[in-house]
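This report walks through one model, beginning with a single helix and moving outwards. Please keep the sequence and the 3D view open while reading.

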Amino acid sequence: MASGLRILVPVKRVIDYAIKPRINKAQTGVEIAGVKHSLNPFDELSIEEAVRLRERKGPLKVDNILALSAGGAKCADTLRTAMAMGADRAFHIDVPDSADGGLEPLTVAKMLKEVVKKEDINLVFLGKQAIDGDQGQTGQMLAGLLGWPQATQASKVEIKDESGTVEVVHEVDGGVETLRAKLPLIITTDLRLNEPRYASLPNIMKAKKKPLQKMTLADFGVEDKKRLKTLKVTEPPARQGGGKVEDVDGLIGKLKELGAL
Amino acid sequence: MKGRLAIKFGSPYSILCRTSTWIPNVSPCVRSAVSTPNIRHLHARATEYLPSNFPDWTDSQRSVREAISAICSRYTDDYWLERDTEHKFPWELYKDLAANGWLGICLPEKFGGSNLGISEAAVMLQTISESGAGMNGASSVHMNIFGLEPVAKFGTDKQKEQWLVPLIQGKERACFAVTEPNTGLDTLRLQSSARREGDHYILNGSKVFISTAQVAEKALILVRTTPLKDVKKPSQGLSLFYTNLDRSAVQIHEIPKMGRSAVDTNSLSFEEWKVPVEDLVGQEGDGFRMILHGMNAERILVGAEALGIGYAALRRACNYVGERVVFGNPVGKYQGIQHPLAECWMNLESARLVIYLAARLYDEGYVDGEYANAGKYLASEAAFKAAERAIMSHGGMGYAKEYHVERYMREAVLTRIAPVSGEMIKNYIGQRVLGLPKSY
């Protein structure tokens with residue numbers, strides 16, 4: 001049925017993984033102003049995989065890779081990075097930055113469902129989670145809303161034939177599991193799937209000319225409705241320093257004392 | 001403070017206030033106002049690794065910053081310490097930068113470059129340096145960024161195709177051979193010479209402080225083709241060649257030095273070095289004018305590299321003094337430690353503004369020697385001071401190599417000397433800006 005792959009890659013702009021987030025004074029969330037942000041690392045894997053499918057050239061050709069991000073004006077930078085890595089075009093869903101944690105997964109999934117329909121998408125790559133909220137729900141919810149098969153936490157993706165059979169390997173406790181499904185399909189990506197490339201300078205320059213379309217939630221008939229309320233955000237308790245023991249006997253004595261042996 | 005700000009937010013000055021005020025220690029209610037969408041903090045904390053929100057940078061500069069940070073962050077301080085200690089060229093970083101198209105940042109698109117300005121190149125080199133690589137990282141690619149500007153400007157299409165393409169792809173490296181042992185900054189009196197014999201020039205002489213000659217295949221070299229006594233002005237009669245660094249005719253000796261030991265620095269001496277006529281860049285006798293062309297750009301880039309060292313040193317210092325507890329407090333709480341570091345940030349930031357102003361002016365086509373030189377001077381002094389304060393803030397740890405700040409200081413010294421000393425910059429400003437007589 002599928003003549004080619006029309007891939008959607010939703011991406012999120014998050015606080016850079018190397019930054020230690022600071023909780024705001026009101027304890028309602030983390031400080032985001034003036035903090036370095038970058039493309040969610042799991043979403044980088046998604047883009048990389050989509051681009052690699054194109055480079056593998058078969059058995060199904062990649063017609064188009066659409067990157068999408070919902071958030072404030074700065075999301076445009078994130079989308080440019082996605083296009084520099086190889087996405088063909090981008091949708092920026094303009095949602096004002098706010099301190100309340102942004103869109104909830106269900107809202108995002110509903111919006112993505114509409115994008116999938118409108119753009120005739122047959123494969124969606126999502127990061128298995130975003131490193132800010134760590135919710136890990138959007139991909140599964142989207143599969144539910146669309147009634148599509150899903151393969152989560154992929155560590156290998158292979159298109160088997162022209163009819164759109166896809167094999168996905170994912171890691172489970174104590175081993176790996178291989179799943180087979182037919183397009184259309186939702187895949188969420190895990191760390192061992194690939195090693196994302198750098199955006200090269202010539203590609204960064206080319207990405208500036210690729211189409212980036214600005215839209216709103218209303219264009220997809222979706223509302224930013226909150227079902228969850230954040231009551232309080234606090235730092236984890238500071239770690240207490242441990243004791244030192246002289247030797248192995250001391251260690252064993254201590255463990256016995258604590259009832260661990 | 002709080003009351004005044006609350007009034008300001010509702011007043012006609014609110015826009016001004018939003019874009020130009022950083023608010024320390026504000027109460028929760030003001031803080032929540034600060035995090036509304038159009039009110040942003042201007043500067044990241046000095047403790048942060050390669051932030052990209054310098055307030056004056058353009059989108060283009062920011063995208064360079066982010067992309068180059070992604071590459072550089074894979075090369076840790078320990079990597080650079082090892083390269084420095086073992087005198088090993090940083091091939092891994094060099095190859096990563098080449099493979100991702102960075103070596104052609106300022107060169108024409110036609111030959112694989114990206115045709116960006118010195119404004120972007122400065123961000124690139126500042127970022128490499130600031131990642132912890134310092135001059136060891138920056139110098140490994142520096143020559144590629146500005147060095148072949150004379151070829152790009154004055155070379156024939158055939159020369160550009162032949163020379164720029166492999167340079168940008170990282171298949172060939174070039175060194176820049178101008179300085180001589182007996183002339184130094186007095187470039188016009190350089191003694192190396194070339195005489196024409198048929199379809200060749202024969203070069204004789206020596207050069208000193210030539211970076212990367214150990215790893216370079218090519219040399220851009222300036223020599224005298226008409227003796228000083230036969231020209232009307234000393235700036236005439238010099239010619240520029242871009243040619244194979246023929247090791248059978250050129251003796252290359254590495255010079256051991258204080259720092260930046262991953263990238264070699266050498267003396268070159270050559271006798272009867274045969275260079276084909278096709279390797280002459282531009283017109284014979286026109287070399288000095290062509291070299292001059294890239295000089296302001298080079299000052300800007302070295303200034304940017306110095307800034308990188310300064311911010312790296314400040315980052316290490318602030319992170320350390322925020323955690324190191326002595327007498328019951330982090331040492332950074334004590335003003336004797338805190339205030340000098342605050343000064344370092346102010347010095348660096350003001351030097352940075354001059355450097356990026358100079359870069360912008362250069363890209364707009366101005367001959368901006370005043371700003372390029374002033375920026376280089378201010379940046380190198382600020383970097384040195386920051387590195388020195390970083391060592392002192394670390395105490396004994398700062399003198400130990402494993403804390404990296406002593407490496408930064410050794411490299412900051414280089415930026416104070418090259419490509420032109422602070423003294424010569426003051427001479428230049430004295431004459432050109434102050435309008436005072438030449439003192440030397």
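## Helices and sheet of chain A

Helix α2 of chain A, residues 75-85, lies across β1, β4, β5 (89-94) and β11 of chain A, and its direction is at about 160 degrees to β4(A). Helices (H or I, at least four residues) and strands (E, at least two) are DSSP runs, numbered from the N terminus. Axes are lines fitted to C-alpha atoms, for helices over the stretch in contact, and angles run from 0 to 180 degrees between N-to-C directions. Two residues are in contact if their C-beta atoms, placed from the backbone, lie within 7 Å.

The model is predicted: local features need pLDDT of at least 70, side-chain atom pairs count only at pLDDT 80 or more, and totals for chains, interfaces and linings use all residues. Residues are numbered from 1 along each chain as its sequence is written, while chains are lettered from A and ligands numbered from 1 in the order in which they are written.

Helix α1 of chain A (residues 41-56) lies across β1 (5-10), β4 (62-71), β6 (123-127), β7 and β10 (185-189) of chain A, at about 145 degrees to β6(A). In chain A there are 6 helices and 11 strands. Of these strands, 9 form an open sheet with mixed pairing, in the order β9-β8-β7-β10-β6-β1-β4-β5-β11. Two strands pair if DSSP finds at least two bridges between them. Why is one side of β9 and of β11 of chain A left without a neighbour in the sheet? Strands β9 (175-182) and β11 (212-215) of chain A stand at the edges and each has a single partner strand, so one side of each has no neighbour there. On average, neighbouring strands of this sheet are turned by 35 degrees against each other, direction ignored.

Within the sheet, β7 (residues 150-159) and β8 (residues 165-172) of chain A run antiparallel and are joined by 5 bridges. A:E158 stands opposite A:E167 in β8(A).

Chain A has 261 residues, of which 39% count as buried. A residue is buried if 20 or more other C-beta atoms lie within 10 Å of its own, exposed if 12 or fewer, and partly exposed in between, with C-beta atoms placed from the backbone. Among the contacts in chain A with a separation of 6 or more, 71% are between residues 24 or more positions apart.

## Single residues

A:E171 is found in strand β8 of chain A. Is A:Q153 buried or exposed? A:Q153 counts as buried, because it has 22 C-beta neighbours inside 10 Å. A:Q153 is in strand β7 of chain A and has a positive phi of about 50 degrees although it is not a glycine. Leaving out residues up to four places away in sequence, A:E171 touches A:Q153, A:S155, A:V176 and A:D190. A:D134, in the loop between β6 and α4 (138-146) of chain A, also has a positive phi, near 55 degrees.

The table gives neighbour counts.

| Residue | Other C-beta atoms within 10 Å | Class |
|---|---|---|
| A:E171 | 15 atoms | partly exposed |
| A:D134 | 8 atoms | exposed |
| B:T179 | 18 atoms | partly exposed |

B:T179 is in the loop between β1 (174-177) and β2 (193-197) of chain B. Two cis peptide bonds can also be located. One joins A:L183 and A:P184, with omega about -5 degrees, and A:P184 is in the loop between β9 and β10 of chain A. Another joins B:A418 and B:P419, with omega about -5 degrees.

## Chain B and the contact between chains

Chain B is divided into domain 1 (2-34), domain 2 (59-169), domain 3 (174-288) and domain 4 (291-432); these bounds come from an automatic or database domain assignment. The centres of domain 2 and domain 3 of chain B, taken over C-alpha atoms, are 23 Å apart. Their contact takes 19 residues from domain 2 and 15 residues from domain 3 of chain B.

The contact between the chains takes 21 residues from chain A and 24 residues from chain B. On the chain A side, the largest share, 4 residues, comes from α5(A).
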